[in-house]
Amino acid sequence: MNPTQGRWSGVPRVRDLARDAVDGARAGRTTTLTLTVVLAVVCFAVLVTTGQSAASEARIVEQIDSAGTRLIALSDDGGKAGIQATAPDRLAGLSDVTWAFGLGDAVDMTNPALSDGRAASRSVVGDLPTDFAIIQGRPPRPGEAIAGTGVTAALHLGPGLGTIQPIAAPGEDPVPVVGVFEATGPLAHLDDVILIAAAPEDAETLRYVYIMADDVAVIDRLEAVLRTSSPALDPSALTVETPAGAIALRDVIAGRLGATSRQLMAVVMGVGAAIVAVTMASATASRRRDFGRRRALGATRSALVATTLAQSSLGALAGIALGTTAGVATLAATTGSLPSWRFVAGVAGLALLLTLTTATPIAAHAAHRDPLRILRVP
Amino acid sequence: MVGTRSLSFAYHAGAAPVIDDVTLDLPAGAVCALTGPSGSGKSTLLYLLALMLRPTGGEVVWDGRPASTLPDAARSRLRAAHVGFVFQDALLDPSRTVLANVCDSALFAGMPRTIATERARDLMGRFGVEHRGDHRPGEISGGQAQRVAICRALLTDPRVVFADEPTGNLDDSSAEIVWQALTDHAATGATVVVATHDKTLAVRADHEVRLTVEGRVTTRAGVA
């Protein structure tokens, strides 16, 4: 007798197996509800405890990052390195670089209308980064200047702003000041400077180049690139500053917070796995005759395991959805900060994996029981 | 046709065989009764023939081909596609409706659900339990439960039906309905194998295989 010669294939249809799993999950309400509640509690507990740590970690790391863990500074302190004015545009074109700009020599400037004040100016080449917020006026075009918030008072620049002129060369044409900027993060020290926009071809050599990397992880690689193909005529006179200390601090903090989170999560997940195991063992024990009957009716062992896992997954998924939603909502309400979506998805995935890995050996054991012992009536 | 070749079976290594060197062929289109005293191995032989147990010696053949040596999944598919089962205590899933219980055998046979539902309603009408479709097994009588089990066994129009003490717990009228259903199905050309200790049923069967506690068999009528 060949199953392919009969009217029926002897192979269950996937759609019908899926419907059977749904029917089974409904019929076995106690097991389904237990799994739903357990997984909801596990996900909720992980998110409100570990999730809080993860959110704190993300916040601290963000603060450290704002202090310049991604910023590389090239400086020509002695003025002999000869950093080419085209360097910022070239560096900005590299992959892994968010932006790059360069600053020229410092020149003392004054307001020709009220010349008792002075401030340093530097030519700027390249796109101004987002860390420079224009709080008054507009961004400068080549030949125009913007003043940092720290120098507007010294140069008597009012709401309509004004002009500046080099103290050492009062005969030169005044440079119009068209805006005021506020520098934040690692560039905050530039608040006391006037920046005069310059095209690369109009600028001479630069004294500083600032490069923002896309990610902390590429800092070392970028540093190596800068050292091997230096944008300076005399690379030996060039100083390359990377935020090694800040990166180390970031790694230490992330590592410590991460270790605490992982331990806590392991405990919660472990307890959850134990409850899932007990629930599944109890459910399969109470369905021994059901398993034996289905084996007699032609269910393969793998089909029995698959339907059992599918039924368990339905309850687990409902619990995971409830638990993560409640956990995220609680975190938002109590701390005002949320863990990343990757963390939430990771917790949900881990919870489902926990259910399946715990349930699989129990279902497999049940499917391998001797059906005759189960089915025979003494 | 289902048969055995020098079939032996022992539950444990070194234990006395429950079935010992049995060769027989059970013809199609007939009811064959497996009889014998308690412990003679009626149910064991039934489950061996149904490929749910692996022989410790010899083999089970279906249509002349070795079937008991097939992998477990292949044996399961053979059962799903060609076998109907009737158990002594009906063995319905108490958490599902009567209709869902009848359709249970269709799932693993690969029978589409819509066809299964339609055929299940027909069979339930034929056996007088159509009005119980939405009830749970706990809400119907033992006789009705066994009729539901018959519906489940016949749903896929199987070529072989195995019944283990199908009338053991039933009153006379319910037992008669079950017996008639089995003989009617045999009349369609199917092989029906019934393990029973009921001598009155055995007498009414077309063939009889008598087992002894020593694991031997004797046969009556058309059993080779």
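## Chain A: contacts and make-up

Take the contacts in chain A between residues at least 6 apart in sequence: 84% of them join residues at least 24 apart. This comes from a predicted model. Chain A has 378 residues, and 40% of them are buried. Its secondary structure consists of nine helices and 10 strands.

## Confidence

How sure is the predictor? For chain B, the mean pLDDT is 89. In that chain, 97% of the residues reach 70 or more. The complex as a whole gets an ipTM of 0.88 and a pTM of 0.65. Keep one rule in mind while looking at any such model. Where pLDDT is low, the coordinates should not be read in detail.

## Where the chains meet

How many residues does each chain give to the contact? Chain A gives 32 residues, and chain B gives 37 residues. On the side of chain A that touches chain B, four helices each supply at least two residues. They are α1 (14–27), α6 (288–296), α7 (301–335) and α9 (371–375). By type, that side of chain A holds 14 nonpolar, six polar and 12 charged residues.

## A closer look at B:D93

Find B:D93 in chain B. This residue sits in a loop, between β6 (83–86) and α3 (98–109). Is B:D93 buried or exposed? B:D93 has 20 C-beta neighbours inside 10 Å, so it counts as buried. The cut-off for buried is 20 or more.

Which residues does B:D93 touch, leaving out those up to four places away in sequence? One is across the interface, in chain A: A:D290. The others are B:N101 and B:D104. Now look at B:G138. It is 45 residues from B:D93 along the chain. Yet the C-alpha atoms of B:D93 and B:G138 are separated by 9.4 Å.

## Strand β1 of chain B and its partners

Strand β1 of chain B covers residues 2–9. It pairs with strand β4 of chain B, residues 57–62. The sense is antiparallel, and there are five bridges. One bridge to look for joins B:R5 to B:E59 in β4(B).

β1(B) also pairs with strand β2 of chain B, residues 19–26. This pairing is antiparallel too, over five bridges. Here B:F9 stands opposite B:I19 in β2(B). While tracing strands, recall a general pattern. In a regular strand, side chains alternate between the two faces of the sheet.

How values were computed
Residues numbered from 1 in each chain as written. Chains lettered and ligands numbered in written order. Predicted model: local features only at pLDDT ≥ 70, side-chain atom pairs only at ≥ 80, totals over all residues. Buried ≥ 20, exposed ≤ 12 C-beta atoms within 10 Å, placed from the backbone. Contact = placed C-beta atoms within 7 Å. pLDDT = per-residue confidence, 0-100. Nonpolar A, V, L, I, M, F, W, Y, C, P; charged D, E, K, R; others polar. Pairing = 2+ DSSP bridges.
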